[in-house]
Every structure is written in structure tokens, then in C-alpha cells.
Amino acid sequence: MKHKIVLATIALAFMFVSCDNANDLLDQYIKDGPIVYAAKISEMNTQSGYYRFRVNLYPAEDVNRSYCILSWNIREGLKDSVKIDYKTENFDTDKGCYFAVIDIPQTMGIQGNLSINAQNVDTFGNRSLVETESAYIYGANYVSSLINASVSFSPEADKVVFEKRVGGVGNLLSYELTDGSFTSEVFVTDDSYPLVNAKPGGTLRSKTRYLMVDTDIDTLEATEYLESIIP
């Protein structure tokens, strides 16, 4: 019986210690009053670009909303950020959202997938929960991997035909005329283009332009021209 009483006493002591610890922990969070969060962003999406990206923000209804903080990692342990005010000049009426286009200096060396955090702040300084999306930063490494569409010629050499490439939206084109001069460069969106007064054995220059994803804000071009000999 004494053994049971001792065990019960010890158990009660632990309970009192646990309660005290829990109260101390709770006091740390409520000593300044309850935590108040600003209304979070209802929807956020990103658009990729060449050393830049765009963020579209659809904030929840909140009469006290003031601005949004976007932040991203430059490298481990170092972040960059920008403040987006919820003002008319930052509102896209076509998309029905607030937006920002962020340029990334090439010297930072940021290329590839980039994680972007967004957090609302209201007029009282309260912050919302964080929303996170990613964008792809196209850079020199990516562009260097782009390949020009190959070309072929009609039997009469009066037409050039372009290979279809994934993401390709057209080709820049100029070619040598019979007098040795070159035509002005044109952008061709069709799969073929007529050659008028082209020089047999002359040079045709072409460069493919890409839009890798329909929502991207920039097109990309291969770094060098492809030079082909006109039959």
C-alpha cells in the first residue's frame, strides 16, 4: 500500500512540473497578446523570363492590407527582397491581379529554378502566412543550349523550309542575292519562306527564336546564326 502511495505522489509531482513548463511555454507566446495574422494571398503564380521573372498576386480581401514582401535566396544564407505596394500602378486589369517584374542582375549568377516567398503585411504591421512559388530564370547557360532549326530547300531552290522544333516560334532570316548583297532580316513564323532572286551557292543565315512556355515573359534566341548554302 505504501508503495502505491509513493508512486501516486511521484506521478502528481510530475504532473505539476509538466503543467508549470507548459504554462511557461504558453506565456512566451501570449505575453504580448495574441498573435494576429494579416490576410494571406489567395493565389500566387509566376512567369519565367531571361534573368527576370514576374509574380502575379491575388490577395485575400482585407481592408487593412498594405503591401506584400517578395523574397528569394541569392545564395545560402543571403536573401534579396522587394516590396510590392497594393496600389493602382501595380494592378494588371487584364489579369485582375497585382504584379511585379523582378530583374535579376547577371552578376548574381542566379539561373534555373528559383523559389519565391510572398508575405502580406497590413497597415498595423501584422504579417500573413507565407506563400511560395517557383520561377525558372533563363540565363546564358540555358540559351547556349538552344539549337537553330535545320533548313532545307525546295527542288527549284526558290523556297527555304524550316525544321519544326519544340518551343520554336519562328526564325530570323536573311539571304544573299545575285548581286552579292543580303536581304534585310525578317522574322518568319511559317514553316517555309519564298526566296526571290537568291544567289545560287550563296549564303542563307537563320536563327531560331523560342518561347519555351506559353506564359514566359521573354523569348529566347540561339546564340549563333546558322549559315546554309543555297543550292
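These are my notebook entries on a predicted model of a protein chain.

**Entry 1. Overall composition**

I began with the chain as a whole. The protein chain has 231 residues, of which 34% count as buried. I found 2 helices and 16 strands in it. I then looked up how far along the sequence the contacts reach. Among contacts between residues at least 6 apart in sequence, 58% join residues at least 24 apart.

**Entry 2. Aspartate 92**

I turned next to aspartate 92, which I located in strand E5, residues 91-92. Is aspartate 92 buried or exposed? Its relative accessibility is 13%, so I recorded it as buried, the limit being under 20%. I then asked which side chain meets that of aspartate 92 in a polar contact. The partner is the side chain of arginine 54, at 2.7 Å. With neighbours within four places in sequence set aside, I listed Arg54, Cys97 and Phe99 as the contacts of aspartate 92.

**Entry 3. Cysteine 97**

Since Cys97 appears among the contacts of aspartate 92, I looked it up as well. Cysteine 97 belongs to strand E6, residues 97-103. Its relative accessible area is 1%, and I therefore entered cysteine 97 as buried. Setting aside neighbours within four places in sequence, I noted contacts of cysteine 97 with Asn56, Leu57, Tyr58, Asn90, Phe91 and Asp92. One of these, tyrosine 58, lies 39 residues away along the chain, yet its C-alpha atom is 5.3 Å from that of cysteine 97.

**Entry 4. Aromatic pairs**

How many aromatic pairs does the structure hold? I counted 7. Tyrosine 50 and tyrosine 51 make one that is edge-to-face, with 4.9 Å from centre to centre and 75° between the planes. Tyrosine 50 is partly exposed at 32% relative accessibility, whereas tyrosine 51 is buried at 7%.

I examined phenylalanine 91 and tyrosine 98 next. Their ring centres are 5.0 Å apart and their planes stand at 70°; the pair is edge-to-face because that angle is over 60 degrees. Phenylalanine 91 has a relative accessible area of 33% and is partly exposed. Tyrosine 98, at 13%, is buried. I also noted that ring pairs join Tyr86, Phe91 and Tyr98 in a cluster.

**Entry 5. Charges over rings**

I then searched for charged side chains placed over rings. The charged end of lysine 83 sits over the ring of tyrosine 67, at 4.5 Å from the ring centre. Arginine 209 lies over the face of phenylalanine 187, and here the distance to the ring centre is 4.3 Å.

**Entry 6. Positive phi values**

I looked up two residues other than glycine with a positive phi. Tyrosine 51 has phi near 50°. I placed tyrosine 51 in the loop between strand E1 (41-50) and strand E2 (52-59). Asparagine 197 has phi near 60°. Its place is in the loop between E13 and strand E14 (203-210).

**Entry 7. The sheet E9-E10-E13**

In what order do the strands of this open sheet of 3 strands lie? I read the order as E9-E10-E13, with antiparallel pairing. Strand E9 (151-153) and strand E13 (192-194) are the edge strands, each of which pairs on one side only. From one strand to the next the twist averages 25°. I counted 3 bridges between E13 and strand E10 (residues 159-162), which run antiparallel. Within this sheet I noted valine 160 opposite tyrosine 193 of E13.

**Entry 8. Asparagine 148**

My last entry concerns asparagine 148, which I found in the loop between helix H2 (140-143) and E9. With a relative accessible area of 13%, asparagine 148 counts as buried. Which backbone atoms does its side chain reach? The side chain of asparagine 148 reaches the backbone nitrogen of threonine 208 at 2.8 Å, and the backbone oxygen of glutamate 224 at 2.7 Å. Apart from neighbours within four places in sequence, asparagine 148 is in contact with a list of residues that includes Glu163, Arg165, Ser206 and Lys207. Thr208 and Glu224 are also among its contacts, as are Ala222, Tyr225 and Leu226.

Note on methods:
Residues numbered from 1 in each chain as written. Predicted model: local features only at pLDDT ≥ 70, side-chain atom pairs only at ≥ 80, totals over all residues. Heavy atoms only, no water. Helix = DSSP H or I, 4+ residues; strand = E, 2+ residues; numbered from the N terminus. Buried < 20%, exposed > 50% of the residue type's maximum accessible area, 1.4 Å probe, protein only. Polar contact = N/O pair within 3.5 Å; in protein donor to acceptor, adjacent residues only side chain to side chain. Contact = heavy atoms within 4.5 Å. Pairing = 2+ DSSP bridges. Axes fitted to C-alpha atoms, helices over the stretch in contact; angles between N-to-C directions. Phe/Tyr/Trp six-rings, centres within 6.5 Å; stacked < 30°, edge-to-face > 60°. Lys NZ or Arg CZ within 6 Å of the ring centre and 35° of its normal.
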